Amino acid sequence: MALLKTSHFTRILLSGGRHAGFVRPSAFNFASNASEPHISKKWDLVSSVCVERNPIITADLTDIENKMQIFLSKIELEQSKKSDHELRKERDKITVDALKKGNASEADLEQATKATAQDFEDASQDEFAKFTFASRKNDPTIDEDARNIKRHLSKHLVLLTQQKVGSDSVWLLPQSVRKEGETMRQTADRALVEAVGENFRSIVLGNAPVGFYKYKYPKDVRDKRGVEGAKVFFFKAIYQEGEASCKDFVWATKEELGKKTKQDYFKSVDQFLLF
Amino acid sequence: MLSVALARLSLSVPKLAPSLTTQCRSIFIQSNPKLFRSTPCLMAEPLKKKKRIDPAVLRAREERKKKKIEKQIRRLEKNSRQLKPIDELEIPPAVYDTLKQRARKPTIISHEEMEERALLLKEWSRYKMKERMNDVQLLDKMILSQQKAMDELRLESEELYQEALAMDLNVMPFTIKGPVHTPPIVNYDSPDGEYTDITKDWFQPLFVKQ
């Protein structure tokens, strides 16, 4: 019989309210199904990997953030002192005015022939203008191509594959059933390799699963195999580099993930997504 | 005059060899003999013979002196290269002397502008508070999700649970680079050229494998 232990985390801020103690949902289940022994039901253990491609560029600033940025730069200018470059510019201006009026000394003339601070500034600006950065905005075709890793540069993307579950093919995170003698983490690694091949490099963050989803098999499968259903344990991974060599895969944003997968599956996945 | 001095000498001192008396000379012959008497330097060590020093040896000596001074300069420079703690930092004297020149004309902010700024700051604090609350909720949701997964795994099998609890030593040390403002340029020809950093990295692993 598995031991029931109190969790480490005792405070939750859920929708502004504070709970005095952490309530474990599984504790309730156990109490309600006290008549049914838990051990007799057999479940398939499945490891699933959520590979995340982190954003490549920063997101656009919101309205308030833009206003704040302008305000802060104004404040910075007002409270600053003049730099060496600014002083030099002022001095040059004075010598130029003196030259124009005609009451300039030999030293001023000499200085005027040298490069002024304004010249230096203009040259720097020209050099900066000549350098072209890569565009922050993608071609719309790249954003629409669901298999392209470079779509939606400022968003988090999740790898979805189409797998055969039972009789129908379903869009879900790459997963595979645990074999004898494997740990859940090893199953997760194997699931990833089976789904996307060897060239795909990602770091799985830790041995512990981050999410949980449970589903029951249809009745005929249940009776045939004697297994109640499958318990899916999600692992989190971060994409490093490489190509996914898979027939049906998609780099999905959160909205697309919500549309392509089942409601309760998405609900479980959403629990551990940080975006 | 001279004979009187000599006579005096012969009276006070027993009759010495003529060399001693002749050696006593008065400095001021024309003036008053009561003044100085001097003898040449007697009973001193004879001066050493100045040997010719090999120019190579001389040069080596100079080199050594130069190197010593250079070493001291390097040591002082190394001190200046180390970063000072922030508490010890001061305004550089060149800037401090010209602070009056560097002052800007105080900008006159209208009443409307000041009101706008105050309102913007309030709006910003509200925005940031909401953002923070969202972040905290996200993190709590995620912790809850992991806790549930671990509880379920433990219900399934204690062995799998213990294996999931074990630390993954391959993950640490973990580095990740954040998003940039513009995406990397494809096939960028760096003006400094391409180079591979082959400096050896000696570091202590965070967790020692047992």
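Select A:Met184 in this predicted model and display its surroundings. Leaving aside neighbours within four places in sequence, A:Met184 is in contact with A:Leu45, A:Val46, A:Ser47, A:Arg178, A:Phe233 and A:Phe235 of chain A, and with B:Leu153 and B:Leu160 of chain B.

Next, extend the selection to the largest nonpolar core, which has 28 residues. A:Met184 is among the residues with the most contacts inside this core, together with A:Val51, A:Leu159, A:Val196, A:Phe200, A:Phe233 and A:Trp251. Colour the elements that give two or more residues to the core: from chain A, strands S3 (43–53), S4 (157–165), S9 (229–241) and S10 (249–252) and helix H7 (184–196); from chain B, H6 and H7. H7(A) supplies the largest share, five residues. A second, separate core of 24 residues can then be selected; A:Val210, A:Tyr217, A:Leu257 and A:Leu273 are included in it.

Now turn to the interface of the two chains. Here 53 residues of chain B are in contact with 68 residues of chain A. The buried area is about 5,700 Å², with carbon and sulfur atoms giving 65% of it.

For the polar side of the interface, select A:Lys231 and B:Glu156, whose side chains form a salt bridge at 3.0 Å, N to O. Between chain B and chain A the count is eight salt bridges, and 18 residue pairs are in polar contact, both residues at pLDDT 80 or more.

Finally, select on chain B the helices H5 (99–102), H6 (111–156) and H7 (158–165), the elements that give two or more residues to the side touching chain A. H6(B) contributes the largest share of that side, 29 residues. By class, the side comprises 30 nonpolar, eight polar and 15 charged residues.

Terms used
Residues numbered from 1 in each chain as written. Chains lettered and ligands numbered in written order. Predicted model: local features only at pLDDT ≥ 70, side-chain atom pairs only at ≥ 80, totals over all residues. Heavy atoms only, no water. Contact = heavy atoms within 4.5 Å. Buried area = accessible area lost by both parts, 1.4 Å probe. Salt bridge = Lys/Arg side-chain N within 4 Å of Asp/Glu carboxyl O. Polar contact = N/O pair within 3.5 Å; in protein donor to acceptor, adjacent residues only side chain to side chain. Helix = DSSP H or I, 4+ residues; strand = E, 2+ residues; numbered from the N terminus. Nonpolar A, V, L, I, M, F, W, Y, C, P; charged D, E, K, R; others polar. Core = buried A, V, L, I, M, F, W, Y, C linked by side-chain atoms within 4.5 Å. Buried < 20%, exposed > 50% of the residue type's maximum accessible area, 1.4 Å probe, protein only.
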